[in-house]
Amino acid sequence: MTGKERREQLLEIGRSLFAERGLDGTSVEEIASAAGVSKPVVYEHFGGKEGLYAVVVDREFESLLRLVTESLNSAIHYRGKLEKAALALLQYIEEHPDGFRILVRDSHGGTGTGSYASLLSEIAGEVEYVLAQEFDRRDYDDKFAPMYAQMLVGMVAMTGQWWLDVRKPRREDVAAHVVNLAWNGLSGLEPRPSLDPRRRRKELERRKQRAEKAAARAEKAEGRAAAKAEKAHRRGRRDLDGLADPLT
């Protein structure tokens, strides 16, 4: 095995052990034993478990940041950017659960740039740029873009941490519901959110048709109530006229 191959082997083993036990719960002896080498080999490549951990964290940091940034830049429309970014995070969690566990649970200060807080800050910066453009287009005050960026990133990140363990529903459905809340707010939630624009249009058309039918039923009911009231009014007039006849 070449030196480069050995280094990659140690990184893979370290990632798995750090995700399961954390930095403090993992020893150089365990890493070396799992790799089938002596402890000096680990020290030779990384200087110790802290050095190995720092490289693992930085790699995961850069990988996730690149994935989310590319997703934000790959869509044209604002909602599409949100959908792709949420889906990118969930895809990373699904395909790299060990890496995400390390970022979320075990990131230590002093290990390069790779802390979860700084990762979210980097992503929020990308989202802020997108929001500022959209706010300008809609004539909103773009000074609030940083605050809204933190809100959106926090919502997606916390949902991702929850989904890391439960893994239900599937990632596309989770992303659709996250964007549903972010895009529509609680007062305008879509009953059946989807990442597919065609399905959303069909659902919107169904909702419109249901609303029109409900309005038509309400109008008919109102008409029937008015007719009933008019009938009762006429009956009352006839009764009054009947009472008045003997006096004439």
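How are α7 and α8 oriented to each other? In this predicted model, the axes of the two helices cross at roughly 130° and come within 8 Å. Angles from 35 to 65 degrees or from 115 to 145 degrees fall outside the parallel, perpendicular and antiparallel classes, and α7 and α8 are therefore oblique to each other. Helix α7 covers residues 116-137, while helix α8 covers residues 145-166. The crossing of α7 past α8 is right-handed.

So much for the angle; next comes the contact itself. On the α7 side, the residues that take part are Y116, L120, I123, A124, V127, E128, L131, A132 and F135. On the α8 side, they meet A145, P146, Y148, A149, Q150, L152, V153, A157 and Q161. Sorted by class, this contact between α7 and α8 holds 15 nonpolar residues, along with 2 polar and 1 charged.

Helix α8 also packs with another partner, α5. Helix α5 spans residues 78-95, and its axis comes within 10 Å of the α8 axis, with a crossing of roughly 30°. An angle under 35 degrees counts as roughly parallel, and α5 and α8 are therefore roughly parallel to each other. Here too the crossing is right-handed, with α5 passing α8. From α5, the contact draws on Y78, L82, A86, L89, L90, I93 and E94. From α8, it draws on L152, V156, A157, G160, W163 and L164. The class count for α5 with α8 comes to 11 nonpolar, 1 polar and 1 charged. Two α8 residues turn up in both contacts: L152 and A157 meet α7, and L152 and A157 also belong to the contact with α5.

Helix α5 has a further neighbour in α4, which runs over residues 49-74. The axes of α4 and α5 come within 7 Å and cross at roughly 155°. That angle makes α4 roughly antiparallel to α5, since over 145 degrees is what counts as antiparallel. Once again the crossing is right-handed, this time with α4 passing α5. The α4 residues in the contact are E60, S63, L64, L67, V68, S71, L72, N73 and S74. They meet K81, K84, A85, A88, L89 and Y92 of α5. By class, the contact of α4 with α5 includes 8 nonpolar, 4 polar and 3 charged residues. L89 is worth picking out on the α5 side: L89 is part of the contact with α4, and L89 is also part of the contact with α8.

Moving to the start of the chain, helix α1 (residues 3-21) contains G14. G14 has a relative accessible area of 0%, and is therefore buried. The C-alpha atom of G14 lies 9.9 Å from that of V55, although 41 residues separate the two along the chain. K4 is in α1 as well, but K4 has a relative accessible area of 67% and so counts as exposed. Between the C-alpha atoms of K4 and A34 there are 17 Å, with the two positions 30 residues apart along the chain.

The loops hold some backbone details too. In the loop between α7 and α8 sits D139, whose phi is near 65°, a positive value in a residue other than glycine. D139 is at 71% relative accessibility, so D139 counts as exposed. R167 belongs to the loop between α8 and α9, and its phi is near 60°, again positive in a residue other than glycine. With 31% relative accessibility, R167 counts as partly exposed. P169 lies in the loop between α8 and α9, and the peptide bond from K168 to P169 is cis, with omega near -5°.

Finally, there is the overall layout. The domain assignment splits off domain 1 (3-187) and domain 2 (197-235), and the C-alpha centres of these domains lie 49 Å apart. R200 is in helix α10, which takes in residues 197-244. R200 is buried, because its relative accessible area is 18% and the limit for buried is under 20%. Leaving aside residues up to four places away in sequence, R200 touches R79, E83, E190, S194 and L195.

Definitions and conventions: Residues are numbered from 1 along each chain as its sequence is written. This is a predicted model: local features need pLDDT of at least 70, side-chain atom pairs count only at pLDDT 80 or more; totals for chains, interfaces and linings use all residues. Side-chain values use heavy atoms; hydrogens and water are left out. Axes are lines fitted to C-alpha atoms, for helices over the stretch in contact, and angles run from 0 to 180 degrees between N-to-C directions. Helices (H or I, at least four residues) and strands (E, at least two) are DSSP runs, numbered from the N terminus. A crossing is left-handed if the near helix is turned anticlockwise from the far one by less than a right angle, and right-handed if clockwise. Contact means heavy atoms within 4.5 Å. Ala, Val, Leu, Ile, Met, Phe, Trp, Tyr, Cys and Pro count as nonpolar, Asp, Glu, Lys and Arg as charged, and the others, Gly among them, as polar. Buried means under 20% relative accessible area, exposed over 50%, partly exposed in between (1.4 Å probe, protein chains only). Domain bounds come from an automatic or database domain assignment.
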